[in-house]
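Me: I am new to this structure and would like a close look at a single part. Please take the salt bridges, and say where the paired side chains sit.

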Amino acid sequence: MRIQYNKLVRDRIPEIIRENHGSCETVSIENNDEYISALFEKLVEEALEALSARGDARHDAIVSELADVYEVLDAILVALQIDPDMLRTQQQEKRQNSGGFQERIFLLWSEN
């Protein structure tokens, strides 16, 4: 049975499919803008999978999905030529200016 995916996958996935006696067809995304778009789509996919894993009683399922989120984020940084230290600096600045999420504040409404 053939399943259509049309999505970015990890580098070894075609090899793993073939090792398991399957077949697949792939193309390489040559256009950088298309690659970056595919990475952002993958980031959303992985974030949704992490959200779904929350319902799994196994802690390792959540960790596995969050590791996928990190992997995609790392690829985005490389594709956009962003230094990971720059990202950390920006994160620290935002935490200093607006706070983090440690206090678990859930905004119900705001008014001007």
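Reply: What follows goes through the salt bridges and then turns briefly to the nonpolar residues.

The model is predicted. A search of the whole structure finds five salt bridges. In general, side chains of opposite charge can pair when their charged atoms come close.

Start with Glu45 and Lys7, whose side chains meet in a salt bridge with an N to O distance of 2.9 Å. Glu45 belongs to helix H2, while Lys7 is in the segment before helix H1 (13–19), so this pair ties together parts that are 38 residues apart in sequence. Lys7 has a relative accessible area of 39% and is partly exposed.

Glu45 also meets Lys42 in a salt bridge, here at 3.4 Å from N to O. Glu45 and Lys42 are three residues apart in helix H2, so about one helical turn separates them. Lys42 counts as buried, because its relative accessibility is 11% and the limit for buried is under 20%.

These residues belong to a wider arrangement: Lys7, Lys42, Glu45 and Glu46 are linked in a network of salt bridges.

Another salt bridge joins Arg12 and Glu15, with the closest N and O atoms 3.2 Å apart. Both residues are partly exposed: Arg12 has a relative accessible area of 45%, and Glu15 has one of 38%.

The segment before H1, where Lys7 lies, also holds Ile3. Ile3 is partly exposed at 47% relative accessibility. Together with Met1 and Tyr5, Ile3 forms a nonpolar patch on the surface, and the accessible area of the three residues together is about 450 Å².

Helix H2, which carries Glu45 and Lys42, has a part in the nonpolar core too. The largest nonpolar core has five residues, namely Ile36, Leu39, Val72, Ile76 and Ala79. Helix H2 (32–53) and helix H3 (59–79) each supply at least two residues of this core. The largest share, three residues, comes from H3. One of the core residues, Ile36, is in contact with Ala79 and Leu80 once its neighbours within four places in sequence are left aside.

To return to the part you asked about: Glu45 pairs with Lys7 and with Lys42, and the network that links these three residues includes Glu46 as well.

Technical notes
Residues numbered from 1 in each chain as written. Predicted model: local features only at pLDDT ≥ 70, side-chain atom pairs only at ≥ 80, totals over all residues. Heavy atoms only, no water. Core = buried A, V, L, I, M, F, W, Y, C linked by side-chain atoms within 4.5 Å. Buried < 20%, exposed > 50% of the residue type's maximum accessible area, 1.4 Å probe, protein only. Helix = DSSP H or I, 4+ residues; strand = E, 2+ residues; numbered from the N terminus. Contact = heavy atoms within 4.5 Å. Salt bridge = Lys/Arg side-chain N within 4 Å of Asp/Glu carboxyl O. Patch = residues over 30% accessible without salt bridge, like charges linked within 9 Å, V, L, I, M, F, W, Y side chains within 5 Å. Areas by Shrake-Rupley, 256 points an atom, 1.4 Å probe, with all protein chains shown as cover.
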